[in-house]
Structure formats: C-alpha cells, structure tokens
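Here's a quick tour of a two-chain model, moving from one helix out to the chain contact and then to a whole chain. Have a look at the structure first.

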Amino acid sequence: MSAGTGTGTGTDTGTGTGTGAGGAAPYRSKLPPARDGFWQLLRAEFTKLRSVDRWLLTLLAGVVVTVLVSLVSAGGSEMATSDDGGGSGTEAADRVADSFRFVHRPLAGDGSVTARVTDLTLGRGTDAPWAKAGLIVKAGTEPGSPYVALMRTHEHGVRLQYGFEHDVAGGAVAGDAPVWLRLTREGDRLTGYESADGERWREVGSVSAAGLPRTARAGLFVAAPETVRVERSFGSLSIGAGPSEATGVFDNVRLEGGGSGGSSSGAGGGSGAGAWQDEAVGPPSGPAAANGPVGGTERAGGTFTVTGSGDIGPRPPAGDLTWMSLAGAQVGLIAFAALGVLFITAEYKRGMIRTTFTAGPRRGRVLVAKGVVLAAAAFAAGLAAAVVSFLVGQRALRAGGHRPPQFPEVSLADGPALRAVVGTGLLLALVALFALGLGALLRHTAAAVTLVVVPFVLPLVLGGGLPLGAVEWLFRVTPVAGFGVQSTTPHYEQVETVCLPEDGCMPQGPWTGLGVLAVWAAVVLALAAWRLRRRDA
Amino acid sequence: MRDGRRGLREPVEPVESVGTAEEPEQAGAGEPRGRGGQRVREVRYAAGGRSVRAGLRDAGYAARAEWTKLRTVPSTWWLLLAVAAVTAAIGAGAVSGLSTAHCPPAGCREDVVKTSLAGVWAGQAAVAALASLAFTAEYGTGTIRTTLTAVPGRLRVLAAKSAVVGAAVLVAGGAGVLGALLAGRALVPAGFTAYDLGAGPVLRAGFGTALYLVLVALLALGLGAALRDTAGAVAACLGVLYASPLVAGMLSDPEWVERLQRYGPSSAGLAVQSTVDTAALPIGPWAGLGVLAAWSAAALALGAAVLRRRDA
C-alpha cells in the first residue's frame, strides 16, 4: 500500500526548538508525513490489480471470450455469393441503385429544363414514401453515371439529389398541388428552383456539375423504390421486398439551351416530337424483374404521363462486416463487468477497504484512482481483444463468402472500422467503470454483476421479439446504446432501409451512443462516490 | 444402523451417569448426552447401511439448516422479490408493447403467452445470482467449514441446498409467472386474442417457465459449488445462459442458429413457453426443458465432484 512507502525514515528535523515558554504544545508526530499524492493511490491500485491472479485471469477470459465469440459469429455466417445476377458488372454500379424511367433529350452546354409536376401517384400495392418524379441532368443513360436531379417526392417534399449520396431538402408539397421545377446548368454549376405558380421561383440548391460532360442528357424521370415489408413476430423476422411503381404527370415541359433543336425548343409546343427519347435506365431490380420492365410514357399534347420504378441513390451494404467481426464483445463484456465489480466488492468482503481508506482517507480520490487504473487496464485488454477479433473475423468473413462487390473489403485503416475497433476498447472500459460504480454502490458482488450484465444483454437478446419502436428506444437510452460505436453502416435519409438495432443498425450516431453509456457510468460512479463518503466502510 | 457392517457397534443401553465424560473413543457407542442430561440428537454418518428413516431425518435436518441460512440473509429476499417482480413487470411491458404494425397481411400469429412470459429472460439473472450465492457466499465467509462440520456428507449438503433453493425459486418464480400471465391477459392490445389461463398450452407454458427457473437455479448452484467464487459463478452462469441467444442472433447460417436453439440451455429450455406452432420449433417444449435439465445435471455433477474432492 502506498502508506508503507517512506514512513520508516525518522529524521529529527523540526524538533530542535523544543517546548518554549508557551506551555504544552500540541503533540506532533516526529515522522515526516508519508506522501499521499494521487500518484501513490494509482500505484497502490495498480499493485492490487496486477497482484491478484484471479483478476488477471478474468481480464484474460474477457479477451479470449470476445475473440472466440467474434470468430464463431463471423465464421458461422455463410454467404451464398452465387447470385451474380442483378449486378451490372462494374463495382460502382453495384454500390448504387440507378434505375428509373427517363424521358430525355441532349443538352449541350448551358441551358435549363423546366416542367410542372401536376401529379404523382403510386401504383397498386406500392408503399414508397420516396417515390419521385422530376427533372434530371445525367451524363448518359448507363447506370452509375453522374447526375443532378430535382424532384418532387411522395412524402418528403421537393428534393435536390446528386452524386447518389447527397440530398438537399427543398420546400414541402401541400397535398396534390402541382409543383413547378426548374434545373439550370450554368458553367460548372447546376441550380434547382421550385415554384408554386411558375412565376416566383425559389432556389432549392446549387451544386457542382463535376463529372457531367458538356453534352448531357436532360429530361423527366420517375422512380419508385421497392416496397419493403418487415414482418416481425417473436423471435422471427421476415423482410420482403415488393414491386412498386409510380406515375408522374408533367406538363409545361421546356428544354432551353444547346439542345438538338437549337437554342430554344419548346417541347410542349409539339415541335420535334421525335426528339424526346423514352427509356428505362438500369436493370429492373427485385421481384419486378420477373414481371418484365415496368413503366412507359404516354404523351398527349404537352402532357407527359411517365410510369416508372426503381431508385436513384446509394445502396447500403447488405451487412455490417465490422459489426459482425466485433460481436464477441457482447458476451465478453460479462468478464469485464465481473472484474469491475470485484475491484471494489472484494475489498469490502475481505475488509481490505479499511486498509485502503486508512492509507488514502479521501474516499472520492480512492474511487477515482480505482476508476483510472481499471479503465486503463480494461481499455488495453478490450483494444487487444477488438483488434484480434477484427483481423480474425474479417478473414473468417471473407472465407465465408463476404466478398466485394456486395461487401466492400474493410481494413483496420478505414476510418469507420478504426473507430469501431478503438470504440470497442472504450466500450469495454466503460462497462468496467459502470460495474465499478454499481459494485461500490451495492457492495454486493452477485447483485452488482447481474445488474451490470442484464441491461446490456437483455435488449440484445429480446430485441427480435419486441416491437421495433420499443427496441429503438432501448438502444437509445439504456447502456446498450454504447454498442452504437461498433456500427459502421452509413445512414442515408433518402433511402428507406430496414434498420434493425440487433443487426448493428443503431438509431443514433456512434459517439452519441458511446456517450449515453458514458453518462450512465458517470452517474453511477457519482452516486457511488456520494455513498462512499456517507457510509461506513 | 442395524447391521453395523462397517464396525459400528450397536447402541448399548443409555448410560445413566450424567455429566461424566465418557471415553472419547467410545463416541458413537452410547447415546451422547448434552449438559444437564438432555438427549442430544445423534446424527451418525457412515458410508453405508443406514436405515431409510434415519437418512430422511438427516436430510430433513440438513434442509432445515440450509433454509435457516437462506432465510436469514437479506439478499435472499431481495433477489426472490426481484425474480417475481422483474418477471411479471417485463412480461407486462412486452405485452402492452405489442403492435400489429409489422404483422403479415394474413394476420398476426404472435404468441401472446410467450410474449407475456418474456420477463424470465431478466428474472433468470436474479435466480442465477441467488443460487450461485448459496455456495459462494459460504466460501467467501468461511461458513462452509461450519456447514461441512455439521453435515459432513458433502453430497447431502449439495442436495439440501438444491432442494431449499429450488423450492424458494419455484415459489418466487411461480408467483412471477402467475403475475405475468395475469397482467399479460389483462393488457393484451387490440388485434391480438387474449388467452385462457386454464388452457393446456398456457398451463404448460406457465408451469414450464417456473420449472425453467428452478433448473436455472440448479445450474447456478452447481457452478457456484464448482467455482466457489461469487463473481466467477455469477458471470459464468450468465454467460452460459445468455451466450447462446446472443451468438444465435449474430449468425446468419440457419443451420448453426437452429443447432444453438436446440442445445443452448436457455433457448432450448424456453421452448416450453411456446403455445403457437409448436411443431415448427427447433425443439419440442418438454424436450427443450430436458436439454436444460441435462445442463443443470452436468453443472451439479461438476459441483459435486469439486465438493467431494477438494478441501473446503
């Protein structure tokens, strides 16, 4: 213990003056005071940690269990990669969805395309809030080529989207009211405007035209993403994707600028009717493929009725490989919880805590020292476990058929993967701190271990059986939110995805999730410090 | 006691001299007496050849001692309360959270009974803590040496603890299950059919769940006897209980998932809760409980082996 250091050397300093005329001076120990700085406390706690074999074994068990369970989780996930249909060959095209109905003409150089979207209706059986109809300027008709699109969506108002990942919100659309849209190309910029009456225009956004050739294709498009149905009943889940289609009605269509028809061609006027080409871009996806190509265009006077299906946007990977290879932490945390609890309750059980508090009477500081030592040890062990799990798990996943292009390769050098791995170390350190706090608060080993483990494990186990809303709430506010730091699935607001927390799709950002856990640990530790001061040891 | 094969002598007539110390070698030869001449219950242990009645009587004493130890520790009552309250409360919460939003178009086939019993997933953790403590607390404080001095038959200690802890868990777990079923029936949301408490599958689910908790207690008891350390035993027990559903949730290979659900102690044991589509389960309701019983038996055997072979 720290109190043992430096007490034995009795030097007679300060005793020379003796007792003067003032009578009995209060007794003072002649021993020099022992150093009781924070450093000594840290050293004392570290000595305790490293000298108890059972604790080191617990830490080792945590690492081994984490790695083994990760390996089982990664190795047991076979992936049939035989279905090479559907992909259109290039890797870029596989990572994005790019299929829609396109009515287009060439647009050379600067110019603009304008139309009034009078109606957007969904086909039978279609439930697609992100069904869209609007204007698009695209490099060509091959899927995956750059584009800028301005659209009216079924439930999300006017949107300006480009580069497959970017989405700028415009104004809301009231009911079935027609919306005027205009997309203007001017040099390197493409600007989208919206209007309710075709006279007063409001800018939605202006984006760079990078990647678009001087002569691009411009025109009208309609797309409707697949209808995704999630069916959950206790412990079982089925996700079904249904075909979908939407129909958009456009009038007052005008393409101005360097088109094929000259500097100014009013398509609505009926001049050069053959100039508009109607085409289905991209492969029909999902069940729709079996029913033949969806969509078509009817033209009556200046009114275009375009029916289409598909989507233009990012296609998130089918699984979170990083999450899958770090899953062992869900079981390994039990050992970290046990260590954290024991780090304080063992002292109460053996009466050691009285020695500890005699040596370091400031109890809050003792708790802090314990926390620092424990967190550092748990972080080191957790980080080691995470790195090994990740490397071994990625190898097992690749062997199990998780290969590009469906599953892009992940390496430890990638930002999100590195964050997840380091975050797993932090997560396990916070679990240990949370456990330390509960142990100090309850002073009852069994109850504290149970109370630490259950809040983490229960949402993960019961997740499949509870309603989606309840699960999301649990993963938002309970300590299990910390697992969010392992999630690397990108979120795109403009794509409806099936987001299940138990599969690593967390309702909040990675650091927010870890922050929630940190708040839990801090609150419990603060309560523990308060109780430590008020109650006899 | 009658045959005295192992050289035990037949009890002779009680010696009437009070207060004189008999020769210590003669212990067991005569009816021992306490101070003041009261008869002291003689409990004799021999490897073989005792009458059934004496054996039962001894078992009764051992069980009573264990019950005294169990009921005089405050944490027992807190943990038993937690078992009942958590089982009922989480079950009620799960049922009231049911919604028809994600049901297939054909209608909901939700197993409402199973949902209202979902609280066992949490209640079993309290059972694990309680039952682990039965041995580990004694090892922690050294009481185990007193216990084994009083009842030197170590297997008898194990049996007595199992009986007492099992009975306590049966009562508390039964209360929790009953509460969960009653609350679940009262809280069934619109779109789901309420169940009849007397129906066969519901009774099976209810009794099966209470039995499940008892088997979990035995599992934890065995691990506690084997590991002798509270944190270790509780952590190991929670790991055994929760690892299989957690790992099953991570795997995507359906064959492995089914294997885990069939042989994992908690996943298999809780198959008994199913009342809908029991034919489609990876393992039948009672067979699943049998799998858990095998796990518990293995843990108890491990605990018994350690108890017999290792110094306390």
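## Helix 11 of chain B

Let's start with helix 11 of chain B, which runs over residues 285–309, 25 residues in total. From first C-alpha to last, this helix reaches 36 Å, close to the 36 Å expected at 1.5 Å a residue. Keep in mind that this is a predicted model.

Which residues of helix 11 of chain B are buried? The list opens with P285(B), G288(B), L289(B), V291(B), L292(B) and A293(B). It carries on with W295(B), S296(B), A299(B), L300(B), G303(B) and L307(B). On the spacing: an α-helix has 3.6 residues a turn, so residues three or four places apart point the same way.

As for partners, the buried residues of helix 11 pack against four helices of chain B: helix 6 (154–187), helix 7 (200–227), helix 9 (254–263) and helix 10 (265–269).

## Where the chains touch

Chain A and chain B each put 41 residues into their contact. On the chain B side, helix 2 (74–96), helix 3 (112–116), helix 4 (120–141) and helix 8 (230–250) each supply at least two residues. Helix 8 of chain B gives the largest share, with 14 residues.

What's that side of chain B made of, by class? It has 24 nonpolar, 12 polar and 5 charged residues.

## Chain A as a whole

Chain A has 11 helices and 18 strands. Of its 537 residues, 47% are buried.

Now for contacts along the sequence of chain A: among those between residues at least 6 apart, 76% join residues at least 24 apart.

Conventions: Residues are numbered from 1 along each chain as its sequence is written. Chains are lettered from A and ligands numbered from 1 in the order in which they are written. This is a predicted model: local features need pLDDT of at least 70, side-chain atom pairs count only at pLDDT 80 or more; totals for chains, interfaces and linings use all residues. The expected span of a helix is 1.5 Å times one less than its number of residues. A residue is buried if 20 or more other C-beta atoms lie within 10 Å of its own, exposed if 12 or fewer, and partly exposed in between; C-beta atoms are placed from the backbone. Two residues are in contact if their C-beta atoms, placed from the backbone, lie within 7 Å. Ala, Val, Leu, Ile, Met, Phe, Trp, Tyr, Cys and Pro count as nonpolar, Asp, Glu, Lys and Arg as charged, and the others, Gly among them, as polar.
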